[in-house]
Amino acid sequence: RRRKQTRWVDASFARLEQRVMLGFYGVRKLRDSRRISDRLRYRSVPLDEFTPTGRTIDYLNRIDIDEIYDLDSPNATTKPLEFVCNQIIYSYIFTPGFNEEGFLEDLFFASDRQKDSKVFRISIDEIVSIFEEVGNNYPSNFSMTRLRQGSRKKVSIEVDRERTFPS
């Protein structure tokens, strides 16, 4: 619904940030508690990363993405789902990106630790895809094997079938 929105007030930005952050918190919680399949737990997420322009990145200018990062030189990369969850949950930079028509297209994000070396961009379509995959992922097999005197364990989670529900 927010993708087609063209008028963004402060409350809209706050709701977007809240929903995305809570969504990724939920994904991380399910991932860490092994409630989703291994395939999804170790999923790679396509991102673009941008390097800083050299300007100081602080609380006053962190929304001026185009001034503090070189947005003309994206570097396509992939990062583990766990990395993306943590970067968004602990984001210092969380800024929506809009296309030429004014529609929400992507999000720029970076944690406090990461902000001085790069900022990441993820498409809204990718976020929706992650949330849908996690929401439709119902593991049906779980196995655990203890290795060498109980010090380590191997855990495997499988999905025999994935259920999808109508929107």
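1. In this predicted model, Arg31 and Asp32 form a salt bridge whose closest N and O atoms are 3.5 Å apart. The two partners differ in their exposure: Arg31 is buried, at a relative accessible area of 7%, whereas Asp32, at 46% relative accessibility, counts as partly exposed.

2. Arg31 also meets the side chain of Glu82 in a salt bridge, with an N to O distance of 3.7 Å. This pair links distant parts of the chain, since Glu82 belongs to helix 4 and Arg31 to helix 1, with their positions 51 residues apart in sequence. Glu82 is partly exposed, its relative accessible area being 35%, so under the 20% limit for burial Glu82 does not count as buried.

3. A further long-range pair is formed by Arg43 and Glu126, whose closest N and O atoms are 2.7 Å apart. Because Arg43 lies in the loop between helix 2 and strand 1 while Glu126 lies in helix 5, the salt bridge ties together parts of the chain that are 83 residues apart in sequence. Both Arg43 and Glu126 are buried, and they belong to a network of salt bridges that also links Arg39 and Glu133. The structure holds 12 salt bridges.

4. Ser33 deserves a separate remark. Ser33 lies in the loop between helix 1 (10-32) and helix 2 (38-41), and its side chain reaches the backbone oxygen of Lys29 at 2.8 Å. With a relative accessible area of 31%, Ser33 is partly exposed.

5. Turning to the nonpolar interior, the largest nonpolar core has 24 residues, of which Phe24, Val84, Leu107, Ile122 and Ile130 touch the most other members. Two or more residues are given to this core by each of helix 1, strand 1 (44-50), helix 4 (81-89), strand 4 (104-111), strand 5 (119-123) and helix 5 (124-135). Helix 4 gives the most, with five residues. As general background, nonpolar side chains in soluble globular proteins tend to be buried together.

6. What does Leu107 touch, if residues up to four places away in sequence are not counted? The contacts of Leu107 include Leu16 and Val20, then Phe94, Thr95, Pro96 and Gly97, and also Phe120, Arg121, Ile122, Ile124 and Ile127. Apart from the largest core lies another core, of 10 residues, and among them are Phe50, Ile65, Tyr92 and Phe108.

Terms used:
Residues numbered from 1 in each chain as written. Predicted model: local features only at pLDDT ≥ 70, side-chain atom pairs only at ≥ 80, totals over all residues. Heavy atoms only, no water. Helix = DSSP H or I, 4+ residues; strand = E, 2+ residues; numbered from the N terminus. Buried < 20%, exposed > 50% of the residue type's maximum accessible area, 1.4 Å probe, protein only. Polar contact = N/O pair within 3.5 Å; in protein donor to acceptor, adjacent residues only side chain to side chain. Core = buried A, V, L, I, M, F, W, Y, C linked by side-chain atoms within 4.5 Å. Contact = heavy atoms within 4.5 Å. Salt bridge = Lys/Arg side-chain N within 4 Å of Asp/Glu carboxyl O.
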